[in-house]
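Thanks for coming. I will walk through one structure, starting with a single residue and working outwards.

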Amino acid sequence: MYVALIVLILFVCFLLALVVLAQNPKGGGLSSQFGSGGAANLMGVKRTGDLLERLTWGFAIGLMVLSLGTHVLNGASGAAGPVRSVNQQKALETRIPTGPAAPAQAPASAPAPAGAPVQQPAATPAPATVPAN
């Protein structure tokens, strides 16, 4: 089903490109290259522009709906499936801490080993004061 939607999306993209190229912009376009025959004589110039504009909107809306359909179809089947990117895998592996971790302090009676560096508590900077004018 997923592959069929992808093929349908490619077909709609191709048709959308043809319709957009066939429109007559201010400077001409492919529709002016086809000569005086065809749809211009059948429906008139104004009606041809309306038809191409409606086809453009229809194909664009259809492309969006099909794209969303592939996302929904893929999301429903792959909810518990494998992770598709490295970033998603890392995000799933990381754990959010529940709260701020309090630093563990060693008891005062336990002496530090001779080879271990002595840890000093970090001095907190004094808050800056604003001089009064």
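Ala4 is partly exposed, because its relative accessible area is 46%, between the 20% limit for buried and the 50% limit for exposed. This is a predicted model, so please hear every value as one computed from a prediction. Ala4 lies in helix α1. Along the chain, Ala4 and Thr70 are 66 residues apart, yet their C-alpha atoms are separated by 9.8 Å.

Now the whole chain. The protein chain has five helices and zero strands, and along the sequence the pattern reads α-α-α-α-α. Of its 133 residues, 10% are buried.

Back to helix α1, which covers residues 2-22. How far apart are its end C-alpha atoms, and does that agree with the span expected from 1.5 Å a residue or depart from it? The ends are 30 Å apart, and 21 residues should span 30 Å, so the two agree.

Next, which residues of α1 are buried? They are Leu5, Ile9, Val12, Leu16, Val19 and Ala22. These residues cover an arc of only 150 degrees around the axis, and therefore sit on the same side of α1. The spacing has a general background: an α-helix has 3.6 residues a turn, so residues three or four places apart point the same way.

The face of α1 turned away from that buried side carries exposed residues, namely Val3, Val7, Leu10 and Phe14.

What does the buried side take part in? Leu5, Ile9, Val12 and Leu16 join Leu63 and Leu66 in the largest nonpolar core, which has six residues in all. Both α1 and α4, residues 45-77, supply at least two residues of this core. The largest share, four residues, comes from α1.

There is another pair to look at between distant parts of the sequence. Ala60 and Cys13 are 47 residues apart in sequence, while their C-alpha atoms are 8.4 Å apart in space. Ala60 lies in helix α4. Is Ala60 buried or partly exposed? Ala60 is partly exposed, because its relative accessible area of 24% is above the 20% limit for buried.

Last, the surface. Met1, Tyr2, Val3, Ile6, Val7, Leu10 and Leu73 form a nonpolar patch there, with about 700 Å² of accessible area together. Which helix gives the most to the patch? That is α1, with five residues. One member of the patch is Tyr2, which is found in α1. Tyr2 is partly exposed, with a relative accessible area of 39%.

To sum up α1: its buried residues lie on the same side, it supplies the largest share of the largest nonpolar core, and it gives the most to the nonpolar patch on the surface.

Note on methods. Residues numbered from 1 in each chain as written. Predicted model: local features only at pLDDT ≥ 70, side-chain atom pairs only at ≥ 80, totals over all residues. Heavy atoms only, no water. Expected span 1.5 Å × (residues − 1). Buried < 20%, exposed > 50% of the residue type's maximum accessible area, 1.4 Å probe, protein only. Arc of directions from axis to C-beta. Patch = residues over 30% accessible without salt bridge, like charges linked within 9 Å, V, L, I, M, F, W, Y side chains within 5 Å. Areas by Shrake-Rupley, 256 points an atom, 1.4 Å probe, with all protein chains shown as cover. Salt bridge = Lys/Arg side-chain N within 4 Å of Asp/Glu carboxyl O. Core = buried A, V, L, I, M, F, W, Y, C linked by side-chain atoms within 4.5 Å.
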